[in-house]
Structures are given as structure tokens and as C-alpha cells.
Amino acid sequence: LRIPIAATAVFNAASIAAGDPQPTVFVILAASLVFTAATLYVLARPPVGSGVPAPAAAASRDLAPWVTGLFAVGTAAAAFFGLAALVAAGDFGVAVGYSGADDFVYRQGGAATLGAAVGGLLVLRARTWQAARLPAVMAVTFNGLSVIAAVIDIGGGGQPISWLILGAAAVVTAGMAIALARGGR
């Protein structure tokens with residue numbers, strides 16, 4: 001659970017910086033502060049008997065090279081798009097052909113995607129199926145929903161980036177589903 005907890009910590013910490021004067025932002029800010037503190041606490045002090053392996057126990061690298069490659073590509077894309085949306089916000093939306101009307105929404109999406117990138121980096125560092133299994137489930141969920149969103153956007157006359165998202169998300173969804181079925185091999 002360390003990787004999803006770390007990814008959640010990064011998302012919530014980045015989410016704190018995504019403020020805007022709308023009232024909803026204060027609710028999200030409060031939740032982000034609580035979740036950031038809680039996830040950082042659990043990372044610093046794992047529950048007793050949580051099964052967190054010692055570093056020497058995790059030395060075996062059992063993740064198939066193609067799964068490692070899939071995580072590497074997904075992590076690079078998530079880092080780029082997460083940082084771009086978090087930093088540039090609505091200007092990023094305009095750059096890819098949308099209105100860019102709501103900086104807060106772009107920054108929240110960027111924060112979440114940046115959290116996924118950090119999770120991917122931790123999987124690449126560990127290179128074990130034990131560490132990668134739950135992030136693979138998360139990748140299937142996120143990318144599967146991205147496929148649906150891209151199809152809906154394309155059906156409504158979406159921008160060219162929707163085709164890129166559709167292709168990348170479909171490959172990651174299928175690849176991670178295969179990795180899950182094969183236990184990372």
C-alpha cells in the first residue's frame with residue numbers, strides 16, 4: 001500500500017496549491033490538508049504487522065521487462081501532463097484546444113496525474129509485482145475511464161488531443177489488464 005499512499009500524498013499536497021476563491025475550494029483544501037497529513041503519517045509510521053518488507057526482502061526484481069516499460073511510458077506521460085496542467089492550468093487547456101475556463105479543475109487534474117506519476121516512479125524503483133499490482137489496478141481504472149471520456153469527447157467533436165489520449169489510454173488499459181492476468185509476467 002505504500003505506493004498508492006505516496007501517490008495520494010502527492011496528489012493532496014499538490015491539490016493544496018490548486019486554490020481558487022470559489023467556496024468549494026475551501027472544502028477541498030480542508031480535505032487535502034487532512035489526507036496529506038494522514039498519508040504522510042502512514043508512510044512515516046507503517047502499521048505494526050503491515051507486512052512492509054525490509055529493503056533486502058524486496059531485492060528480487062520479478063516484474064517482466066515489458067511491464068516495466070509500460071510503467072515507464074505511463075509514468076513519463078503522467079509526469080508531463082500532470083506538471084503541465086498543475087502549473088499552466090487553463091493555459092494548458094487552451095494550448096490543447098479547449099476553453100481553459102476553469103484553472104482549478106485543470107490544477108486538480110494535474111495534481112491527481114502527478115500523484116500517479118510518483119506512484120509509477122516508485123513502481124519503477126521497486127520493479128516487483130508485489131509493489132506493482134495495486135498501481136496496475138489503479139492504472140486500469142484511470143485509463144479505462146480515460147478511454148470512455150475520450151470517446152465521448154471525440155463523439156462530440158473533440159480536439160485532436162482526444163485521439164492521443166484514446167490511443168495511449170487504450171494501450172495502457174489493455175497492457176495493465178494483461179499484466180494483472182499474468183501476475184506481472
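**An all-helix model and its largest pocket**

The secondary structure of the protein comes to 7 helices and 0 strands. The model is a predicted one. Along the sequence the pattern reads α-α-α-α-α-α-α. The protein has 185 residues, of which 36% count as buried. Contacts between residues at least 6 apart in sequence were examined for their span. Of these, 73% join residues at least 24 apart.

The largest pocket was examined next. Its volume is about 1400 Å³. The lining consists of 48 residues. Phe 81, Thr 113, Phe 142, Asn 143 and Ser 146 lie nearest the centre of this pocket. Five elements are named as giving two or more residues each to the lining: α1 (2-16), α3 (65-88), α5 (103-126), α6 (129-155) and α7 (160-181). The greatest contribution comes from α5, which supplies 11 residues. By residue class, the lining of the largest pocket holds 33 nonpolar, 13 polar and 2 charged residues.

Ser 146 is one of the residues nearest the pocket centre. Helix α6 carries Ser 146. The relative accessible area of Ser 146 is 14%, under the 20% limit, so the residue counts as buried. With neighbours within four places in sequence set aside, Ser 146 is in contact with Ile 165 and Ala 169.

Phe 81, also among the residues nearest the pocket centre, takes part in aromatic pairing. The count of aromatic pairs comes to 2. One pair joins Phe 80 and Phe 81. The ring centres of Phe 80 and Phe 81 are 4.9 Å apart, and the planes meet at 80°, an edge-to-face arrangement. Phe 81 also pairs with Phe 92. Here the centres are 6.0 Å apart, within the 6.5 Å limit for a pair. The planes of Phe 81 and Phe 92 stand at 70°, which is over 60 degrees, so this pair is edge-to-face. The pair of Phe 81 and Phe 92 links distant parts of the chain. Phe 81 belongs to helix α3 and Phe 92 to helix α4 (residues 90-95), with their positions 11 residues apart in the numbering. Together, Phe 80, Phe 81 and Phe 92 form one aromatic cluster.

The members of this cluster were also compared by accessibility. Phe 80 has a relative accessible area of 51%, over the 50% limit, and therefore counts as exposed. Phe 81 has a value of 30% and is partly exposed. Phe 92 has a relative accessibility of 15%, so Phe 92 counts as buried.

Two nonpolar cores were considered. The largest has 15 residues. Leu 63, Val 67, Phe 71, Val 123, Trp 129, Ala 132 and Met 176 have the most contacts inside this core. At least two residues of the core come from each of α3, α5, α6 and α7. The largest share, 4 residues, is supplied by α6. Apart from this core lies another, of 5 residues. Its members include Ala 84, Ala 85, Phe 92 and Ile 161. Phe 92 thus has a place in both the aromatic cluster and the 5-residue core.

Trp 129 was examined for its contacts within the model. Residues up to four places away in sequence were not counted. Trp 129 touches Asp 62, Leu 63, Ala 136, Ala 179, Leu 180, Gly 183 and Gly 184. Of these partners, Leu 63 is itself listed with Trp 129 among the residues with the most contacts inside the largest core.

Backbone angles were inspected last. Most residues other than glycine have a negative phi. Ala 89 is not a glycine, yet its phi is positive, at about 50°. Ala 89 is found in the loop between α3 and α4. With a relative accessibility of 1%, Ala 89 counts as buried. Arg 127 likewise has a positive phi of about 50° without being a glycine. Arg 127 is found in the loop between α5 and α6. The relative accessibility of Arg 127 is 39%, so Arg 127 counts as partly exposed.

Technical notes: Residues numbered from 1 in each chain as written. Predicted model: local features only at pLDDT ≥ 70, side-chain atom pairs only at ≥ 80, totals over all residues. Heavy atoms only, no water. 1 Å grid on protein atoms, 1.4 Å probe; cavity = no way out; pocket = protein on both sides within 12 Å on 5 of 7 lines; lining within 4 Å. Points joined across faces, edges and corners; volume = space filled by probe spheres on them. Nonpolar A, V, L, I, M, F, W, Y, C, P; charged D, E, K, R; others polar. Phe/Tyr/Trp six-rings, centres within 6.5 Å; stacked < 30°, edge-to-face > 60°. Buried < 20%, exposed > 50% of the residue type's maximum accessible area, 1.4 Å probe, protein only. Core = buried A, V, L, I, M, F, W, Y, C linked by side-chain atoms within 4.5 Å. Contact = heavy atoms within 4.5 Å.
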